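Trainee: Could you show me how to read strands, burial and empty space in a protein model?
Mentor: Gladly, let us look at one together.

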Amino acid sequence: MPILFSRRRLAALCACALAVCGAVVPAHAQNLEGPLTLVVGYAPGGSTDRMARLIAERLSPKIGVPVTVENRPGEGGRLAAKQIKRATAAENILMLGNPAVMVIAPLVIKDAGYDPDKDFVPVSQVSSYDFALAVGNKLQLDRAMFLVGRLWAHPEEAIFGVPATGSLPHFFGLMVGDALSVQPQIKGYGGSAPLAADLSGGSLPIAIDTLDSLYAQHVAGKIRILAVSGKKRASFAPSVPTFREAGMKIDADGWNTFFAPSSMPQPKVQLLATKIREVMQDPGLQKAADALYITPVVSTAAETAQMLKAYRQQWEPVVRRSGFAP
């Protein structure tokens, strides 16, 4: 027996069919129609570069096009940001940025050459990392509370080595100084490698850097990490207490987040955000990141935007109060 439909019911069915198609088709209609480039504003080998490469190999099958990582070092990551902000709507390009480029530089440089809010759209946070307070073996300290007592008795010894002046560890060092009620002298180095060398060699007593940069030497017994800045202990360093556990009421972190140029159409941004989030849920990627001392993060575009807003509210007063100018 034939099934008869009224015009009204037929119209309703057509509308439902279109709605279903609309939910499915965009995944195909938003095809990138060309390879995707993930830009890192630093030389190969760093934690940002390693994270980008872990993601690239897993993202390509999900979006159906080749994904490559391109290193564009220069100006502490700012060169890449200045170049990518000029990308056209047709270009498939994302930048894996960090706080130094997207938060700190625009606060301390009069004209950084880009505006994080106007020139970029946050896509997805993919990792977070802690900062660490470490001492050389010359100090023979194994607990943060012992360092606190020493610096209270000898505030002139509060010399904190950091990988670079104007870096996030620099400003976190100032936060540590506030927590300890001492005014530290910040000594900038030309990167994490020379900083760690001086710390393990005994010519630098105290250092603040990212946990992943210092942890290998800690494991080797060349230095000792006294505290980490996370709200909880790092999964790969469960024996190292947090600052709060050590009696200092501070916590902070850094991150790596993908940003799209503001010219990128919103449907494409959303597609990439969804697919990157799927990649970050992969247990294989999470295990690989953990092996590199990187904490993977699964985040939506909306959650990433919320994180960035809160992050700026936390760090802007610290940076401005420092009076730092490059």
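We will go from a sheet to one of its residues, and then to pockets and cavities.

Mentor: This is a predicted model, so to speak: local features need pLDDT of at least 70, side-chain atom pairs count only at pLDDT 80 or more, and totals for chains, interfaces and linings use all residues. Residues are numbered from 1 along each chain as its sequence is written, and side-chain values use heavy atoms, with hydrogens and water left out.

Trainee: In what order do the strands of the open sheet stand?
Mentor: Strands of a sheet pair through backbone hydrogen bonds, either parallel or antiparallel. Strands (E, at least two residues) and helices (H or I, at least four) are DSSP runs numbered from the N terminus, and two strands pair if DSSP finds at least two bridges between them. Here six strands form an open sheet in the order E2-E1-E3-E10-E4-E11, with mixed pairing. Strand E2 (67-71) and E11 are at the edges with a single partner strand each, so one side of each has no neighbour in the sheet.

Trainee: How many bridges join E4 to strand E10?
Mentor: Eight bridges join E4 to E10 (residues 254-261), and the two run antiparallel. One pair to find is serine 127 with its bridge partner in E10, asparagine 256. E4 also pairs with strand E11 (residues 295-296), in the antiparallel sense over two bridges; there, serine 128 has threonine 295 as its bridge partner. E10 in turn pairs with strand E3 (residues 93-97) through three bridges, again in the antiparallel sense.

Trainee: Is serine 124 buried or exposed?
Mentor: Buried means under 20% relative accessible area, exposed over 50%, and partly exposed in between, using a 1.4 Å probe and protein chains only. Serine 124 counts as buried because its relative accessibility is 0%. This serine is in strand E4 (residues 120-129), where eight of the ten residues are buried.

Trainee: Which residues is serine 124 in contact with?
Mentor: Contact means heavy atoms within 4.5 Å. Beyond its neighbours within four places in sequence, serine 124 is in contact with Thr257, Phe258, Ile276, Ser299 and Thr304. A polar atom of the serine 124 side chain lies 3.1 Å from the backbone oxygen of serine 299.

Trainee: How do I read empty space, and what volume has the largest pocket?
Mentor: Rolling a probe the size of a water molecule over the atoms shows where empty space is left. On a 1 Å grid over the protein atoms alone, a cavity is a set of points where a 1.4 Å probe fits but cannot get out, while a pocket is an open set with protein on both sides within 12 Å along at least five of seven lines; lining residues have an atom within 4 Å of a point. Grid points are joined across faces, edges and corners, and a volume is the space filled by probe spheres set on the points. The largest pocket has a volume of about 880 Å³. Its lining has 39 residues, with Tyr42, Asn98, Ala100, Pro163 and Ser167 nearest the centre.

Trainee: Where does E4 come in?
Mentor: E4 and helix H13 (301-322) each supply at least two residues to the lining of the second largest pocket, which holds about 450 Å³ of space. The largest cavity has about 50 Å³, and its lining residues include Ser128, Tyr129 and Asp130.

How values were computed: A polar contact is a pair of N or O atoms within 3.5 Å; within protein, one must be able to donate a hydrogen and the other to accept it, and residues adjacent in sequence count only if both atoms are side-chain atoms.
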